[in-house]
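Student: Could you walk me through one part of this model up close? I'd like the packing, and then whatever follows on from it along the chain.

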Amino acid sequence: MDRIDNLDRKILEIVMRNARIPSKDVATECGVSRAAIHQRIQRMIDLKVITGSGYHVNPKVLGYRTCTYIGVNLERGAMYRDVVPELEKIPEVVECHFTTGPYTMLIKLYARDNEHLMELLNDKIQMIHGVKGTETLISLDDSINREIPVHYE
């Protein structure tokens, strides 16, 4: 893989704070041309260092007041490949991780309220073939939510 140098790291640091910042402002802050910024950002996209950009929405404002993490145990770990496509059909599921530890999978979802959460659990998640059991952890507060820091060499 191509190396990411300190200029790339500086660009990342800037665009991670504000993905909508104009390239000319990034170029000015970095002391290079706008074309250089475009080329480096495209290179980092091609290298999959940058995997997306966009807006972050507040789920609570959209009516999703309950953030929940659910530990999911499967009949067999290999069933993960079959269960993920079923979870993808549930729009409230926003993350899914194949894990070590007490759960086969850990998912994050948003529900409108506890009643909606119960419907998602009982009528959708627990009905997926291969799901043996779930444990629900409701998030009371999102205290830290940030990107990984960019370190310079």
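Tutor: Let's start with the annotated domain and its helices, then move along the chain to a few single residues.

A quick note on the ground rules: this is a predicted model, where local features need pLDDT of at least 70, side-chain atom pairs count only at pLDDT 80 or more, and totals for chains, interfaces and linings use all residues. Residues are numbered from 1 along each chain as its sequence is written, and side-chain values use heavy atoms, with hydrogens and water left out.

The part to zoom in on is residues 4-65, which an unreviewed UniProt entry annotates as "domain: HTH asnC-type". UniProt positions are given in the numbering used here, with feature names shortened, and such annotations may be inferred rather than shown by experiment. That stretch is 53% helix and 0% strand, and its end C-alpha atoms sit 39 Å apart. Helices (H or I, at least four residues) and strands (E, at least two) are DSSP runs, numbered from the N terminus.

Take helix H3 (residues 34-46) as your anchor. Its axis and that of helix H2 (residues 23-30) come within 8 Å and cross at roughly 105°. Axes here are lines fitted to C-alpha atoms, for helices over the stretch in contact, with angles running from 0 to 180 degrees between N-to-C directions. H2 and H3 therefore count as roughly perpendicular (that's 65 to 115 degrees; under 35 is roughly parallel, over 145 roughly antiparallel, and the rest oblique). On the H2 side, Ser 23, Lys 24, Val 26, Ala 27 and Cys 30 meet Arg 34, Ile 37 and His 38 of H3, contact meaning heavy atoms within 4.5 Å. Sorted by class, this contact has four nonpolar, two polar and two charged residues. For the classes, Ala, Val, Leu, Ile, Met, Phe, Trp, Tyr, Cys and Pro are nonpolar, Asp, Glu, Lys and Arg are charged, and the others, Gly among them, are polar.

Now bring in helix H1 (residues 6-17), whose axis comes within 11 Å of that of H3, with a crossing of roughly 85°. That makes H1 and H3 roughly perpendicular too. Leu 7, Asp 8, Ile 11, Leu 12 and Val 15 of H1 pack on Ile 37, Arg 40, Ile 41, Arg 43 and Met 44 of H3, a set of seven nonpolar, no polar and three charged residues. Ile 37 is worth a click: it's on the H3 list for H2 and on the one for H1.

Past H3, in the loop that leads to strand E1 (66-74), you reach Lys 48. Its phi is near 65°, a positive value in a residue other than glycine. Most residues other than glycine have a negative phi. Lys 48 is also exposed, at 64% relative accessibility (over 50% is exposed, under 20% buried, in between partly exposed, with a 1.4 Å probe and protein chains only).

Strand E1 holds Thr 66, and this one is buried at 8%. Beyond four places in sequence, Thr 66 touches residues including Leu 109, Tyr 110, Leu 117 and Ile 138. Tyr 69, also in E1, is partly exposed at 30%; among its contacts beyond four places are Leu 106, Ile 107, Glu 135 and Leu 137.

Last stop: Thr 134 in strand E4 (residues 131-139). Its C-alpha atom is 6.4 Å from that of Ile 70, 64 residues away along the chain, and Ile 70, Gly 71 and Val 72 are among the residues it touches.
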